[in-house]
Amino acid sequence: MQDLYASLIEIVIVILIVNFYFLSLTIAAVEHIHEGADELSSYLKEEIQNEKQNERKVSDELRGFVFTASEADVKLQKKDGNETITITANVNDSVDAEDSVQDPNVEPTETKMLSKPDFTVEITKGHRIISFHCTFNQTLPEDQPGDEPYSDVFQIAEISVYDGEFKDSTYTVSGDIMDGYLYDLLLNYLEEKGITNEFADEMVELFTAYEHKLYINLLEKLNKYFGK
């Protein structure tokens, strides 16, 4: 009988030791998680301060176009006689280093990050809409230093004309296969509507400032999350 009691006592002791071991591991893991969260929160506070030093004011107007936004969706719009010109884009995943051909004899400068999203220009007259899907041109890579860079800031990727709303069945034509003379005439038409190379450059600056504002807002949300 005494042997049975001794065995039970040994089992209880083993169970207590095992429970204490796992409790110690749990406490250590929780402390490690808190340390990681505190370190992350501290870094975020510093990063937010640094980013705010480079923050630029987001204008609500650009050359007569009214600028509005909802999260990552941005819109520029203005009236032109009996027509309405609307430019829409989404700044998600639109930021990249500024492309430029580097001169090997010049010391490289700090890379500028720019937001260059694809954008759509819709010109509405009554129920009919002509739509231009456009992309920003990139400069030539460094392995082609002898070639001339593109003269246009943006290009027409595709065009369509439709009534009411764009549908999946709406016909579009690629700018790559379009007749060259027609393509140039359409670019001239966009220029007449105010969509010039200079306007596109200013649009990049506006999109970049707004995207940076969203980035700072994201950092602040992360800081609040990990700061709890």
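A residue counts as buried under 20% relative accessible area, as exposed over 50%, and as partly exposed in between. Keep those cut-offs in mind for this predicted model.

Start with Tyr215. Its relative accessibility is 32%, so Tyr215 counts as partly exposed. Tyr215 is found in helix H3, which spans residues 197-227. Together with Leu218 and Leu222, Tyr215 makes a nonpolar surface patch of about 250 Å².

Now look for charge. Glu191, Glu192, Glu198 and Asp201 form a negative surface patch. Which helices supply this negative patch? Helix H2 (180-192) and helix H3 each give at least two of its residues. Asp201 is one of the patch members, and Asp201 lies in helix H3. Asp201 has a relative accessible area of 42%, so Asp201 is partly exposed too.

Next, turn to the interior. In soluble globular proteins, nonpolar side chains tend to be buried together. Here, the largest nonpolar core has 36 residues. Which of them touch the most other members? They are Leu76, Ile87, Phe119, Phe132, Phe154 and Met203.

Both strands and helices feed this core. Strands E2 (65-70), E3 (73-80) and E4 (83-90) each supply at least two residues. The strands E7 (119-125), E8 (128-136) and E9 (154-163) each do so as well. So do helices H2 and H3. Where does the largest share come from? Helix H3 gives 7 residues, the largest share of the core.

Helix H3 thus ties the tour together. Helix H3 holds Tyr215, supplies residues to the negative patch and contributes to the largest nonpolar core.

Key
Residues are numbered from 1 along each chain as its sequence is written. This is a predicted model: local features need pLDDT of at least 70, side-chain atom pairs count only at pLDDT 80 or more; totals for chains, interfaces and linings use all residues. Side-chain values use heavy atoms; hydrogens and water are left out. Patches are made of residues with over 30% relative accessible area and no salt bridge: like charges are joined within 9 Å, nonpolar side chains (Val, Leu, Ile, Met, Phe, Trp, Tyr) within 5 Å. Accessible areas come from the Shrake-Rupley method with a 1.4 Å probe; for residues, only the protein chains shown count as cover. A salt bridge is a side-chain nitrogen of Lys or Arg within 4 Å of a carboxyl oxygen of Asp or Glu. Helices (H or I, at least four residues) and strands (E, at least two) are DSSP runs, numbered from the N terminus. Buried means under 20% relative accessible area, exposed over 50%, partly exposed in between (1.4 Å probe, protein chains only). Lys and Arg count as positive and Asp and Glu as negative; His and the chain ends are not counted. The place of a charge is taken as NZ of Lys, CZ of Arg, CG of Asp or CD of Glu. A nonpolar core is a set of buried Ala, Val, Leu, Ile, Met, Phe, Trp, Tyr and Cys residues joined through side-chain atoms within 4.5 Å.
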